[in-house]
Amino acid sequence: MDSQSTEERYIARFPDSRVLHEKAKALFPRGCTHDARYTLPFPIYITHARGSHKWDVDGNEYIDYFGGHGGLVLGHAHQSVVQAVNEQIDKGTQYGAESHLSLGWAELIKSYFPSADLIEFTSSGTEANMLAIRLGRAFTERSKVVKFRGHFHGGFDEAAVGMSKPWDVPNSTGLLPEVTDCTIALPINNEEALENALSKRDVAIVMIEALGDHSGVTGIASSFYQTLRDLTRKYGTLLLFDEVVVGPRFPLGGAQGAKGITPDLTTLGKAVNGMIPGAGCVAGHADVMNMLQFKDDDWNRYKRVPHAGTFNANPLCAAAGIATLKILATGEPQKKANEAASRLRQGMQQSMGRQGITGCVYGDISIWHLYFGGCEMQGSCERVICINEDKVRLANIGKALALNLALSGIGVPGRGVDGFVSAVHTIEDIDRTIAAFATSLSTMISEGVLPRG
């Protein structure tokens, strides 16, 4: 057994990342550029990535399960996407005019998602959700927004409610109560709570991550999808599926096609163009989307929803989007990613069982989630959709796992207990990851971080 602790070994292994972090602390308020990349004692700095692997400033190689915050279904630097971007960048990145490429990209999105009668491009998934709420309020002439506890829709004010306990307190200061009081955060899979909220007929839109919070940490019961559709129609409320991360992880139809429910609006982002910055859109039914139309002077001034954005459907993003969606539309990448993810989840679960650790590895499609601890449903569920909203995933255990996996050449999000599998993860990648996971568990047990049983 190494006499050094995991954290000591981590500090010793990544000296150049540590140096860069010290510089970053003088430049960035939290020493990094995104909350999800905040890691103690410091984050690892990456120099390049290709396929399912990435490399850091100290020369270490990783099998990557963060996948560009979940959007890289095709893996890093896919040849077709790189070629499309390289060809386009030589022609210009922003014309201040329309480009034929936006039509091709929009046609592919329309053919992919059942709700997409019309499309309005934005510059990110967050901006798409912001616009969708505005469209919903304009169309229904109502003010309230319903979301679900833990569901992430971006870093804007209406979405800041219901992110952590206490659920009615926003996860940020600096917000106006006049704005956040209009958001109602409900428990997922609770038909009574949803109907009570909608029955007042002041809710413009119900927004939901299409697989559950953070891509399925707590999932959505199969029957609740129909409940969502039935109750929103009953009370004249719009239904929004946020498919920013998961949509292209399904074959044609997205999550809405797989679940058999067509929402009124769908929001998309980074995953629909291979993670080239500046991708997002609202795709929805024509009657709602037509709130963006120009008509007569009275409509344009008092009823229309205006929308601008310098990088909306810019030719660089559109070229990458066309290349990406043409490949995803075949369904082959999703099949490969799903098979790899299934093998990984099974192997990780077996490792936990062999070491006497209570918990489960679960997930739908090409995503995995990890829970350490007991659950009354263990042994009776299929470890695909977890509807246990009461489970607690301890941050210290997740952090310890992330550090140990990094030391074994496995890159995961800083919280350590979730990951995304791409179409280019190989069997060798998966088996190496399972072995690293088993080693990490052993270390965590020996250090007293993870109890058996």
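**View 1. Helix H1 packs its buried residues against two other helices.** In this predicted model, the buried residues of H1 pack against helix H16 (395-407) and helix H17 (427-446). Which residues of H1 are buried? Look along residues 6-13 and you'll find Thr6, Arg9 and Tyr10. If you peer down the axis of H1, these buried residues fall within an arc of 105°, so they line one face of the helix.

**View 2. Val146, Phe148, Leu194 and Val206 sit in the largest nonpolar core.** This core has 31 residues, and those four touch the most other members. Several elements chip in with two or more residues each: strands E5 (144-148), E7 (203-209) and E8 (238-242), plus helices H8 (191-198) and H10 (222-234). There's also a second, separate core of 30 residues, with Val81, Trp105, Leu268 and Ile276 among them.

**View 3. A closer look at Phe148 and what it touches.** Leave out residues up to four places away in sequence, and what does Phe148 touch? Its contacts are Gly162, Leu186, Pro187, Ile188, Leu194, Val206, Met207, Ile208, Phe224 and Leu228. Two of these names, Leu194 and Val206, may ring a bell from the previous view.

**View 4. Val384, Ile385 and Ile387 make a nonpolar patch on the surface.** The patch covers about 190 Å². Where is Ile387? Find the loop between strand E12 (367-372) and H16, and Ile387 is there. With 40% relative accessibility, Ile387 counts as partly exposed, because that label covers values between the 20% and 50% cut-offs.

How values were computed: Residues numbered from 1 in each chain as written. Predicted model: local features only at pLDDT ≥ 70, side-chain atom pairs only at ≥ 80, totals over all residues. Heavy atoms only, no water. Buried < 20%, exposed > 50% of the residue type's maximum accessible area, 1.4 Å probe, protein only. Helix = DSSP H or I, 4+ residues; strand = E, 2+ residues; numbered from the N terminus. Arc of directions from axis to C-beta. Contact = heavy atoms within 4.5 Å. Patch = residues over 30% accessible without salt bridge, like charges linked within 9 Å, V, L, I, M, F, W, Y side chains within 5 Å. Areas by Shrake-Rupley, 256 points an atom, 1.4 Å probe, with all protein chains shown as cover. Salt bridge = Lys/Arg side-chain N within 4 Å of Asp/Glu carboxyl O. Core = buried A, V, L, I, M, F, W, Y, C linked by side-chain atoms within 4.5 Å.
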